[in-house]
Amino acid sequence: MPATTPMTTKPVVVYGASGYTGRLVCEYLRQYHVPFVAAGRDEAKLKASMDAHVPGIETADYEVATVDHDVAALTDLFKGASVVLNTVGPFSELGPAAVEAALAAGAHYTDTTGEQDWLMTCDEKYGPQFAEAGLVLAPGIAQMYTTSEIAAQLCLEQPGLDTLDIAVFWGGSPTIASTRTILVNAATSKAHYLENNQYAEFPTQGLVQLVVPGQHELALSLPWGGMSHPVWFKRDPRVANCKAQGGVFNAALMNGVPQIVAAALEATKDMAPDERNEALTATARQVMNEMPPRENPRVNKTLDSVHASGPLGRAHCVIHGNSNYQQTGLLQAYAAYSLLQTPPKRVGFASGCQAFGHRELLGVLRSFGLVSEPQLTVQH
């Protein structure tokens, strides 16, 4: 197995394969029998991560490749691949190089971002270029966004509904990378929702109590940067209004997040961008400085709830599941598996459901035992 390669002979590149999410993507690619390149900057870390953390890796058709994070080097690596699955964030900072390289190499692109400003950039700047090339650009394929999008799309099968109220909850802790992303995103961008088909800023990013289906206790939520849904549904003529919030079930952790973010922003407000990023990274490591353990479905539960409404109708969809990072890894792997066999349902900028179909993605999550049958209630 070669340690590096200037140009892949595999159809899929997992960029950031040694990270918590990246290695789960590799695990599911193996289950789909899709050959892949496990790519990143550190060869030793990549090999160790594959060997120690990807069950059954000895039966996978893969190779390891090290690459510098710049457009030229990434383009060289991506040439020959059909799909790039990117898990390297913060995406607003590191995403442009990967997207531009995928486009130059003629490869479809997906990532796991939750950064609303990055989705807007993909939509407005890169989407038309990918559409012209006949390629899909699908940032944000991840449990925190796609599973609730499935619920929203199930609601929208009922005509006449134009408003989406979305809540996403999960059990567990954020990874090192996602903690850093939360802080960087809070420092550099605003959170938006969709109102009358226009972006509107959340008036505050403080904690909000939400009713959670299936339990008596209220749960704490945050706009979480605005999330992906307002960007995806801005170009959906059925939807005029969309607001999404989320959080972890752990109330103590949720109570701590605003204080951590506020303190980090206050401490870094006068810093130069590079200095600020270093300080925010250090703060993130104080919050979470080790890989979370592999998910336990009895502990790492997920809940996605969507209320859809219109002038004369209502629908409510709830999806209970488990193992949010595994859902993300599976959704990413299925995206690649699908793209290697058939064109996407939409080229250019697209959500997971818009590119691959919400019922198809639901079937995938169901077939691997990661979500239960959706509970859909419709009022006419």
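This briefing walks through a few salt bridges, one helix and one serine in the structure above. Keep in mind that you're looking at a predicted model. The count of salt bridges comes to 8, and three of them get a closer look here. After that, we turn to helix α4 and then to Ser148.

**Salt bridges**

- Some background first: side chains of opposite charge can pair when their charged atoms come close.
- Let's start with Lys10 and Asp61, whose side chains meet in a salt bridge at 2.5 Å, N to O.
- Lys10 sits in the segment before β1 (12-15), while Asp61 is in the loop between α2 (43-53) and β3 (62-66), so this pair ties together parts that are 51 residues apart in sequence.
- The two partners don't share the same surroundings: Lys10 is buried, with a relative accessible area of 13%, whereas Asp61 is partly exposed, at 41%.
- Next up is the salt bridge between Glu157 and Arg359, where the closest N and O atoms are 2.9 Å apart.
- That pair links distant parts of the chain, 202 residues apart: Glu157 is in the loop between α6 (143-156) and β7 (163-170), and Arg359 is in helix α13 (residues 358-367).
- Glu157 counts as partly exposed, with 35% relative accessibility, and Arg359 is partly exposed too, with a relative accessible area of 48%.
- In a third salt bridge, Arg366 pairs with Glu373, and here the closest N and O atoms are 3.3 Å apart.
- Arg366 counts as partly exposed, at 34% relative accessibility.

**Helix α4**

- Which residues of helix α4 (residues 91-105) are buried? They are Phe91, Leu94, Gly95, Ala97, Ala98, Val99, Ala101, Ala102 and Ala105.
- So what covers them? The cover over the buried residues of α4 includes two helices, α3 (71-78) and α5 (116-132), along with the strands β4 (83-86), β5 (108-111) and β6 (136-138).
- Just after α4 comes Gly106, which takes a positive phi of about 75 degrees.

**Ser148**

- You'll find Ser148 in helix α6.
- Is Ser148 buried or exposed? Ser148 counts as buried, because its relative accessibility is 0%, and buried means under 20%.
- Leaving out residues up to four places away in sequence, Ser148 touches Gln143, Ile166, Val168, His229, Asp304 and Val306.

Technical notes
Residues are numbered from 1 along each chain as its sequence is written. This is a predicted model: local features need pLDDT of at least 70, side-chain atom pairs count only at pLDDT 80 or more; totals for chains, interfaces and linings use all residues. Side-chain values use heavy atoms; hydrogens and water are left out. Buried means under 20% relative accessible area, exposed over 50%, partly exposed in between (1.4 Å probe, protein chains only). Helices (H or I, at least four residues) and strands (E, at least two) are DSSP runs, numbered from the N terminus. Contact means heavy atoms within 4.5 Å. A salt bridge is a side-chain nitrogen of Lys or Arg within 4 Å of a carboxyl oxygen of Asp or Glu.
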